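Colleague: Got a minute to go through this one with me? I'd like to start with the empty space and then jump around a bit.

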Amino acid sequence: MPTRRQLLAGAAVAGAAAALPSTAAYASTSDLFPLGVASGDPLPDGVILWTRLFPRSSRKVEVEWQVAYDERFRRIARRGRTWAGATLAHSVHVDVRGLAPGREYFYRFRALGKISPVGRTRTAPSLRDDCSRLRFGIVNCQDFQNGYWPAYWGLAAEDLDVVVHLGDYIYEYDPSSRFADRNHTTPQTPGLDQLVTLDDYRARHAQYKTDPALQAAHAAFPWIVTWDDHETENNYASLIDEIDDTGPKHQTVAQFAKQRAAAYQAYYEHMPIRADLRPGSADLRIFRRFDFGRLLRLNVLDTRQYRTDQPGGFPGDFGLAVAGDANTAGTLTGQDQERWLLGGLDHSHARWNVVAQQVMMSRIKFPNPTGGVPPLVANLDQWDGYAPQRTRLLTHLAAARVPNPVILAGDIHSTWFSELRVNPDDLAQAPVAVEFTATSVSSDFPIAFDAPLKALNPTLNPHVRYFDGSRRGYLRCSVNRAAWHTDVRTVETIDVRETPVTTSASYAVEAGTSRLVTA
């Protein structure tokens with residue numbers, strides 16, 4: 001049965017369906033607030049509160065918000081009013097300040113005589129606080145069409161301070177699901193297998209947000225989010241269209257800029273994110289930094305908006321590793337973001353220094369997906385396609401003696417725990433960081449590659465300490481000054497809406513070692 005936290009979203013999540021209510025009328029709270037509520041980007045004194053209204057008309061709506069110390073809202077901490085307008089799809093972003101650090105709050109919205117579901121959030125501890133422990137979840141890659149999201153019910157029931165989402169919150173593909181109630185919304189131009197217009201992206205985000213398990217997880221904790229490729233288009237790079245697109249799918253730089261502007265605006269409209277959106281602009285800075293006392297600094301990257309094109313021109317971006325090794329001018333972050341990252345690492349006073357980003361940093365040799373020659377290939381959409389920048393970053397971590405670096409990644413729909421070395425071929429060299437790559441919530445990993453990789457990793461990729469491609473779920477992390485502990489939390493199936501979450505594996509890192517051990 002759902003727990004209290006699963007029910008925190010209240011009536012709005014009960015029986016939520018893929019179809020949204022008509023904007024012509026509403027009869028209940030769930031009709032006006034069908035996408036639930038969310039919070040995010042916690043600071044010691046504040047947090048972003050989010051919802052999206054579906055009013056009768058396109059006129060602006062006045063929205064009251066409340067933040068309370070208790071679930072019954074008997075003790076109000078902060079309150080105010082704002083406006084929700086059609087320009088941003090009647091979404092609401094309130095940057096609440098003046099809160100106390102490191103404590104739990106509850107929040108809700110009121111508009112047009114209706115009250116939203118209640119959400120729970122938490123501020124970050126201040127630099128003056130003795131933050132002895134941080135608990136957080138890591139999620140990514142939630143293809144609505146591929147199955148249900150029982151992992152989110154499990155996540156909502158955890159005891160966490162924050163959730164980190166590493167991208168692929170939506171997928172852009174045309175309707176095609178084996179589940180009758182999981183078909184994607186139909187875009188304005190079916191057949192392209194991608195979204196193009198602002199209305200396309202808005203409808204897809206709204207559809208994903210109707211899922212009751214996702215609403216419950218948002219209502220239970222503040223989230224820190226970043227995007228990957230599918231929020232816009234598979235494997236895009238800056239303003240460069242997907243390499244395999246031809247004919248009507250292919251877009252010029254100018255055409256893709258309009259698509260990216262639509263994608264970025266819809267993302268902002270549906271996320272509890274602190275960002276400065278200019279509607280119609282193809283640019284939106286979302287790389288940012290969060291401190292949790294002096295225990296942990298979280299650097300959140302954007303490895304899509306500023307990257308150079310994947311090297312080699314290989315279909316699907318699987319190709320020869322030498323193309324990535326030779327990509328000296330290549331960058332996943334762009335120069336400005338790279339300088340920002342290095343500066344944040346160099347001037348950190350945190351015990352643990354975390355880089356939360358999208359694609360796997362570990363060098364990985366894959367069996368050729370085509371079964372042809374060469375027998376081994378690299379995924380050049382990952383850091384393997386940008387090896388010189390990876391070497392530059394890892395060298396800096398070692399030379400600057402950045403305390404306890406940890407890399408977080410997603411994208412590949414499977415779990416990988418690895419030790420990172422400047423020279424991955426020299427296993428006698430001490431690792432300079434560890435990497436935790438989270439499996440997907442529902443997106444598919446080719447099961448045919450699970451057993452071969454498990455068999456070959458000890459030889460081909462000996463720095464990988466744990467791999468599993470067979471299960472969907474999330475990571476649960478608990479960090480204190482002495483150690484970092486990560487549990488792999490997975491479900492047996494995504495063919496049903498609810499099923500138990502269990503721990504598949506547990507690994508730890510002692511502070512000062514950058515070595516993974518079973519826990």
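Modeller: Sure, and keep in mind that this is a predicted model. The largest pocket holds about 660 Å³ of space.

Colleague: How many residues line the largest pocket, and which lie nearest its centre?

Modeller: There are 28 residues in the lining, with Phe318, Asn379, Asp411, His413 and Pro446 nearest the centre.

Colleague: And how does that lining divide into nonpolar, polar and charged?

Modeller: For the largest pocket you get 13 nonpolar, six polar and nine charged residues.

Colleague: OK, what about closed-off space? How many cavities of 30 Å³ or more are there?

Modeller: Three cavities reach that cut-off. The largest cavity has about 50 Å³ of space, and the second largest has a volume of about 40 Å³.

Colleague: Which residues line the largest cavity?

Modeller: Its lining is made of Leu301, Thr333, Glu338, Leu341, Leu342, Trp383, Gln389 and Leu393. Sorted by class, that gives five nonpolar, two polar and one charged.

Colleague: Which helices supply at least two residues each there?

Modeller: Helix H7 (335-346) and helix H8 (387-399). H7 gives the largest share of that lining, with three residues.

Colleague: And the second largest cavity, what lines that?

Modeller: Tyr148, Trp149, Pro150, Trp153, Asp211, Pro212, Ala213 and Arg497 do. Helix H2 (150-156) and helix H4 (212-220) each supply at least two of the lining residues. The class split there is six nonpolar, no polar and two charged.

Colleague: Switching topic. How many disulfides turn up in the whole structure?

Modeller: Zero, after searching the whole structure. Take Cys131, which is in no disulfide: the nearest cysteine sulfur belongs to Cys477 and is 14 Å away. A disulfide needs the two sulfurs within 2.5 Å, so Cys131 doesn't qualify.

Colleague: What about Cys141, where's its nearest cysteine sulfur?

Modeller: Cys477 again supplies the nearest sulfur to Cys141, 16 Å away, and Cys141 is in no disulfide either.

Colleague: Are those two cysteines buried or exposed?

Modeller: Cys131 is buried because its relative accessibility is 12%, and the cut-off for buried is under 20%. Cys141 is buried too, with a relative accessible area of 0%.

Colleague: Cys141 makes me think of Ser443. Which residues is Ser443 in contact with, leaving aside neighbours within four places in sequence?

Modeller: Cys141 is on the list, along with Gln142, Asp143, Asn146, Tyr171, His413 and Arg472. His413 also came up among the residues nearest the centre of the largest pocket.

Colleague: Where does Ser443 sit in the chain?

Modeller: In the loop between strand S20 (433-437) and helix H9 (450-460). Ser443 is buried, at 1% relative accessible area.

Colleague: What does its side chain pair up with at 3.1 Å?

Modeller: A polar atom of the Ser443 side chain lies 3.1 Å from the backbone nitrogen of Asp143.

Colleague: Next, Arg307. Is that one buried or exposed?

Modeller: Arg307 counts as buried, because its relative accessibility is 2%. Its place is the loop between strand S13 (296-300) and strand S14 (318-319).

Colleague: What does the Arg307 side chain make polar contacts with, then?

Modeller: One of its polar atoms is 2.7 Å from the backbone oxygen of Thr303. There's also a polar contact with the side chain of Tyr386, at 3.5 Å.

Colleague: And which residues further off in sequence is Arg307 in contact with?

Modeller: Beyond four places in sequence, Arg307 is in contact with Tyr236, Ala237, Ser238, Thr331, Leu332, Val359, Asp381 and Tyr386.

Colleague: Last topic, the backbone. Which residues does a cis peptide bond join?

Modeller: Val373 and Pro374, with omega about 0°. Pro374 is in the loop between strand S16 (366-367) and strand S17 (376-379).

Colleague: Why would I bother flagging cis bonds and positive phi values?

Modeller: Because most peptide bonds are trans, and most residues other than glycine have a negative phi.

Colleague: So what is phi for Asp317 and for Ser514?

Modeller: Asp317 has a positive phi near 65°, and Ser514 has a positive phi near 55°. Asp317 is in the loop between S13 and S14, while Ser514 is in the loop between strand S24 (501-510) and strand S25 (516-518).

Colleague: Buried or exposed, those two?

Modeller: Asp317 is buried at 3% relative accessible area, and Ser514 counts as buried at 9%.

Note on methods. Residues are numbered from 1 along each chain as its sequence is written. This is a predicted model: local features need pLDDT of at least 70, side-chain atom pairs count only at pLDDT 80 or more; totals for chains, interfaces and linings use all residues. Side-chain values use heavy atoms; hydrogens and water are left out. On a 1 Å grid over the protein atoms alone, a cavity is a set of points where a 1.4 Å probe fits but cannot get out, and a pocket is an open set with protein on both sides within 12 Å along at least five of seven lines; lining residues have an atom within 4 Å of a point. Grid points are joined across faces, edges and corners, and a volume is the space filled by probe spheres set on the points. Ala, Val, Leu, Ile, Met, Phe, Trp, Tyr, Cys and Pro count as nonpolar, Asp, Glu, Lys and Arg as charged, and the others, Gly among them, as polar. Buried means under 20% relative accessible area, exposed over 50%, partly exposed in between (1.4 Å probe, protein chains only). Helices (H or I, at least four residues) and strands (E, at least two) are DSSP runs, numbered from the N terminus. A polar contact is a pair of N or O atoms within 3.5 Å; within protein, one must be able to donate a hydrogen and the other to accept it, and residues adjacent in sequence count only if both atoms are side-chain atoms. Contact means heavy atoms within 4.5 Å.
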